[in-house]
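Hi there,

I am handing over the structure we talked about, so that you can open it while you read. My notes follow below it.

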Amino acid sequence: MDQEARPEGSNDPRIELGRFPFGAKVRHYWRLDEEAIFLNHGSFGATPSPVLAAQAAWRERMERQPVLFLAGELPDLQRQAAAVLAEFVGSRPENLVFVDNATTGVNAVLRGLDWHAGDRVAATDHLYGAVGQTLTYLAQRHGYGLDLAHIPFPLRDERDILTAWAAVLTPQTRLAVFDHITSASGLIFPIAQMISLCRAQGIPVLVDGAHAPGMIPLDLENLAADWYVGNAHKWLCAPKGCGFLWTHPQHQAQTHPTVISHGYGSGYLAEFDWVGTKDPSSWLAVSAAIEFQHHLGSAAIRQHNQALALWAGEHLSRAWGSPLPAPVGMLGSMVAIPLDPQQMPVPPQASLSQLAQQIHDWLWQQHRIEVPVYSFQDRLWLRISAQVYNQPHEYERLADVLGKGGIPSAW
């Protein structure tokens, strides 16, 4: 990741409140509830109105003559949109195909491999839940072993990740699967070094980059992964249901979509570009999402979001008496802050997950604050996101509402 896109710490002038250039000036582009404090862009994203208008125009065009559009025009239009997205993420167009989301792409890769007795898959315990479930399902079905590297969190530095990762790679490891940016912990993993460790042992690599497009710069062709999946509907702000799968040419013949259709046997692009009748408007509108990024300035967006997330994380950490959980250089546009459940009386039988849901619901129902609260590695966490429509006072409001220790004193 380039250093220009990553805040270096609280002494960075970009952390000063007056240096956040967006906020209220761009909020009108989104259709978010005007009364809501929306600090959860990371879960599903939020699509600005100009991009939604482009999607609606594609739908209107399709419905004027569905046969002509889907059977005649769509193949070229879809490849054109894929080429725009490919340029944005540093890919050759012929290596990138659309999928509905990153989980769909992961399933396409994993379910297309030929598994054998004695195979093992290496992953980390920061794995996204749906990907973990997919690995578990296939392990039960095919009998491979699953080795999870325990990544401590809070984290001292990236050496903890690399040490734990190296320890689970063995001569039997058939595939390595790990996140680029983790969902629960919000960490930017040192994937170049992690890939290098795999390469040294001849282990193919599947990277789950669900959060990466739009949050950090990408250069997929030079990353040295074998497969890379990403979502455009998160930080790139495309419509929901817009993801992609990048596949190295040497693996394309064995990589198939989860739905087999007319293109089977005709090559990577033919198989993925048509998986049956569906609404392709989210894919076609990705060009408008990228145009919107360029309109605001993609580098300026990244810098703003990372600087605001770090400022907000430091503000909440000071308010709640808990340090940031990782070095600032490993944090992007999401920051996870630990909460202290000991400060709130709860029934003895209540689990951390139940408590997390109660706090989340209370924040939304009573204060119109949307922010994820969850249990991870036997602790309670709150994860903030920062997008250009967010402002510092929203995080200050969150700190005030939750009070000391990050737990409400009264319901």
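A good place to begin is Y374, which stands opposite W381 in β12. Please keep in mind throughout that this is a predicted model.

**The sheet around β12**

The pair of Y374 and W381 belongs to a join of four bridges between β11 and strand β12 (residues 379-385), and these two strands run antiparallel. Another facing pair is V373 with L382 of β12. Two residues lie between the strands in the hairpin of β11 and β12, and there Q377 takes a positive phi near 50 degrees.

On the β9 side, six bridges join β9 to β12, again with the strands antiparallel. If you look for A336, you will find that its bridge partner in β12 is R383.

Put together, three strands make an open sheet with the order β9-β12-β11 and antiparallel pairing. β9 (334-339) and β11 (373-376) are the edge strands, each pairing on one side only. On average, neighbouring strands of this sheet are turned by 40 degrees against each other, with direction ignored. Helix α12 (residues 352-367) packs on the sheet and touches β11 and β12; the direction of α12 makes about 165 degrees with that of β11.

How much of β12 is buried? Six of its seven residues are, so to speak, under cover: β12 is mostly covered.

**Helix α5**

Next, have a look at helix α5 (residues 129-142). It has 14 residues and reaches 20 Å from its first C-alpha to its last, close to the 20 Å expected at 1.5 Å a residue. Its buried residues are V131, G132, T134, L135, L138 and A139. Why do they sit on the same side of α5? Because they cover an arc of only 160 degrees around the axis. The face turned away from that buried side carries the exposed residues Q133, Q140 and R141.

The cover over the buried residues of α5 includes α4 (102-112), β3, β4, β5 and β6 (205-209). Just after α5 comes G143, with a positive phi of about 85 degrees.

**Helix α6**

Helix α6 (residues 158-168) has its own buried set: D160, I161, L162, A164, W165 and V168. Among the elements that cover these residues are β3 (120-124), β4 (145-149), β5 (173-179) and α7 (191-199). You will recognise β3, β4 and β5 from the cover of α5.

**The nonpolar cores**

W165, one of the buried residues of α6, turns up again in the largest nonpolar core. That core has 109 residues, and W165, V286, L363, L382 and L398 are those with the most contacts inside it. Helix α3 (residues 66-89) gives the most to this core, with ten residues.

What does V286 touch, leaving aside residues up to four places away in sequence? Its contacts are A81, L85, F98, A232, L236, A238 and C242. There is also a second, separate core of 26 residues, which includes V121, L127, L175 and V229.

L382 ties two of these topics together: L382 is the residue of β12 opposite V373, and L382 is also among those with the most contacts inside the largest core.

Happy browsing, and do write back if anything here is unclear.

Best wishes

Note on methods:
Residues are numbered from 1 along each chain as its sequence is written. This is a predicted model: local features need pLDDT of at least 70, side-chain atom pairs count only at pLDDT 80 or more; totals for chains, interfaces and linings use all residues. Side-chain values use heavy atoms; hydrogens and water are left out. A nonpolar core is a set of buried Ala, Val, Leu, Ile, Met, Phe, Trp, Tyr and Cys residues joined through side-chain atoms within 4.5 Å. Buried means under 20% relative accessible area, exposed over 50%, partly exposed in between (1.4 Å probe, protein chains only). Contact means heavy atoms within 4.5 Å. The expected span of a helix is 1.5 Å times one less than its number of residues. The arc is that of the directions from the helix axis to the C-beta atoms. Two strands pair if DSSP finds at least two bridges between them. Axes are lines fitted to C-alpha atoms, for helices over the stretch in contact, and angles run from 0 to 180 degrees between N-to-C directions.
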